[in-house]
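Here is a structure to read alongside its sequence. The text below goes through its charged pairs and then its strands.

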Amino acid sequence: MFEGRLQSLLEEPKIVYVTTVQPDGYPHTVPIWFKLDAGDIVMFTARSSRKTRNVLENAKGCLAIGGDPLGSPAYLIDGDITVEEDPDKTTTALVTNHYEPPERAAEWLADWADEDFVILRLTPRRVTTVG
């Protein structure tokens, strides 16, 4: 589903924005780390986070990437988001190692050993190019 410039962007450790739908119907957009995983986009977050609660109520979401520097294309990736367990933090480590060098990633993961994280997995349904 991802080709060209978008595929390249998704392989870089960029900060992206994920949007979920709040119970009142308004969007909830936050910056987040991510990693491609078998064509899906995976992110980790606290089980108690607003985005996790939103996804449990409404699985529709969107990820925004690109647009920087000014004039570069940006992309919106719409899809369904599921909440998955990550008991051994394998996916959390995958994402963290995408952004941090090994020593720093190991420090973060050690600090997060007792955190109650879940994985948000966005399965893409539609890509829109903006700009």
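The model shown here is predicted. Begin with the charged side chains. Side chains of opposite charge can pair when their charged atoms come close. Across the whole structure, a search finds eleven salt bridges.

Take a pair from the start of the sequence. Glutamate 12 and lysine 14 meet through their side chains in a salt bridge, with 3.3 Å from N to O. How accessible are these two residues? Glutamate 12 has a relative accessibility of 27% and counts as partly exposed. Lysine 14 is also partly exposed, with a relative accessible area of 27%.

Now turn to arginine 121. A salt bridge joins arginine 121 to aspartate 37, and the closest N and O atoms are 2.8 Å apart. Which parts of the chain does this pair tie together? Aspartate 37 belongs to strand S3, residues 35–37, while arginine 121 belongs to strand S7, residues 117–130, so the salt bridge ties together parts that are 84 residues apart in sequence. The two partners fall into separate classes of accessibility. Aspartate 37, at 24% relative accessibility, counts as partly exposed. Arginine 121 has a relative accessibility of 13%, and because buried means under 20%, arginine 121 counts as buried.

Arginine 121 has another partner. Glutamate 84 forms a salt bridge with arginine 121, in which the closest N and O atoms are 2.7 Å apart. Glutamate 84 lies in strand S6, residues 74–84, and arginine 121 in strand S7, so this pair ties together parts that are 37 residues apart in sequence. With a relative accessibility of 25%, glutamate 84 counts as partly exposed. These contacts belong to a network of salt bridges that links Asp37, Asp40, Glu84 and Arg121.

Next, consider how some of the strands are paired. Strand S1 covers residues 16–21 and strand S5 covers residues 60–66; the two run antiparallel and are joined by four bridges. These are bridges between strands, to be kept apart from the salt bridges above. Which residue of S5 is the bridge partner of tyrosine 17? The partner is alanine 64.

S5 also pairs with S6. Seven bridges join S5 to S6, and these strands run antiparallel. To find one position in the model, look at glycine 66, which stands opposite alanine 74 in S6. S6 thus appears in both parts of this account: S6 is joined to S5 by seven bridges, and S6 holds glutamate 84, the salt-bridge partner of arginine 121 in S7.

Conventions
Residues numbered from 1 in each chain as written. Predicted model: local features only at pLDDT ≥ 70, side-chain atom pairs only at ≥ 80, totals over all residues. Heavy atoms only, no water. Salt bridge = Lys/Arg side-chain N within 4 Å of Asp/Glu carboxyl O. Buried < 20%, exposed > 50% of the residue type's maximum accessible area, 1.4 Å probe, protein only. Pairing = 2+ DSSP bridges.
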